[in-house]
Amino acid sequence: MNLNSSLTLGNAVTGNTGNLTATSETVTVANGVAINTTAESSGDGDIRFTSTGTVTIGGGASLTTSSGFVIVTTIDGDIDVDGTISTGSDNILLMANGTGRDVEVTADVSSSSGHLTVMAEDSVRLLANVDFQVGNAGTLIIEATNGTITMDSTAALTSANGGI
């Protein structure tokens, strides 16, 4: 789905077989909304959001895929993650591009067996009680190109067998 304006997902998208891809000026997953995809026989069940502006995953919302990627990128906008993101067997990418753009996370992000990468042109902030977890041989990569990485003392980074 390609939009020239804002996209707000205000209802649950559950049991979706296949990929969910949205490109828009801004993307908002409203508070409490669940987006859940499962792989189809010929696909991966990916969730991909690309925005020319801000992407917001609202509090209580969730992005979950059993065996696909979760990719959230901006061309020139911040990423605010207030709802959980998880994958079963693939990677998660959160990338905020553009001068002064940040990624701020207030909810758990995990992959059972994939990698977790968070990149911001400016800063990455992991707030209170956030858990970043990867299992098996997954790695955690956090990069703040021109800013800082800030992690609350109650936040945690966990990698079962991979690197951080």
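A residue is called buried when its relative accessible area is under 20%. By that criterion, buried residues make up 40% of the 164 residues in the protein chain of this predicted model. The accessible surface of the chain comes to about 7000 Å², and carbon and sulfur atoms account for 46% of that area.

The secondary structure consists of 20 strands and 0 helices. Among contacts with a separation of 6 or more, 43% join residues 24 or more positions apart. Confidence varies along the chain: pLDDT averages 83, and 74% of the residues score at least 70. Over residues 1–5 pLDDT stays under 50, and the model has 12 contacts beyond four places in sequence for this segment.

The interior may be considered next. In soluble globular proteins, nonpolar side chains tend to be buried together. Here the largest nonpolar core has 29 residues, and those touching the most other members are Ile57, Leu63, Val72, Ile85, Val105, Leu116 and Phe132. Leaving aside residues up to four places away in sequence, Ile57 touches Val29, Phe49, Leu63, Asp80, Val81, Asp82 and Gly83.

A polar residue is also found in the interior. Ser51, in strand 6 (residues 47–51), has a relative accessible area of 0% and is therefore buried. Its side chain reaches the backbone nitrogen of Gly53 at 2.9 Å.

Charged pairs form a further set of links, with 5 salt bridges found in the whole structure. In one of them, the closest N and O atoms of Arg101 and Asp76 are 3.0 Å apart. Arg101 lies in the loop between strand 12 (92–96) and strand 13 (103–105), and Asp76 in the loop between strand 9 (70–74) and strand 10 (79–81), so this salt bridge ties together parts 25 residues apart in sequence. Both partners are partly exposed, Arg101 at 24% relative accessibility and Asp76 at 36%. A network of salt bridges links these two residues with Asp78.

Arg125 takes part in two further pairs. With Asp102, the closest N and O atoms are 3.4 Å apart. Because Arg125 lies in strand 16 (residues 124–126) and Asp102 in the loop between strand 12 and strand 13, the pair ties together parts that are 23 residues apart in sequence. Asp102 is buried, at 13% relative accessible area, whereas Arg125 is partly exposed, at 26%. Arg125 also forms a salt bridge with Glu104, with closest N and O atoms 2.9 Å apart. This pair links strand 13, which holds Glu104, to strand 16, with the two residues 21 residues apart. Glu104 counts as partly exposed at 22% relative accessibility.

Conventions
Residues numbered from 1 in each chain as written. Predicted model: local features only at pLDDT ≥ 70, side-chain atom pairs only at ≥ 80, totals over all residues. Heavy atoms only, no water. Core = buried A, V, L, I, M, F, W, Y, C linked by side-chain atoms within 4.5 Å. Buried < 20%, exposed > 50% of the residue type's maximum accessible area, 1.4 Å probe, protein only. Contact = heavy atoms within 4.5 Å. Helix = DSSP H or I, 4+ residues; strand = E, 2+ residues; numbered from the N terminus. Polar contact = N/O pair within 3.5 Å; in protein donor to acceptor, adjacent residues only side chain to side chain. Areas by Shrake-Rupley, 256 points an atom, 1.4 Å probe, with all protein chains shown as cover. pLDDT = per-residue confidence, 0-100. Salt bridge = Lys/Arg side-chain N within 4 Å of Asp/Glu carboxyl O.
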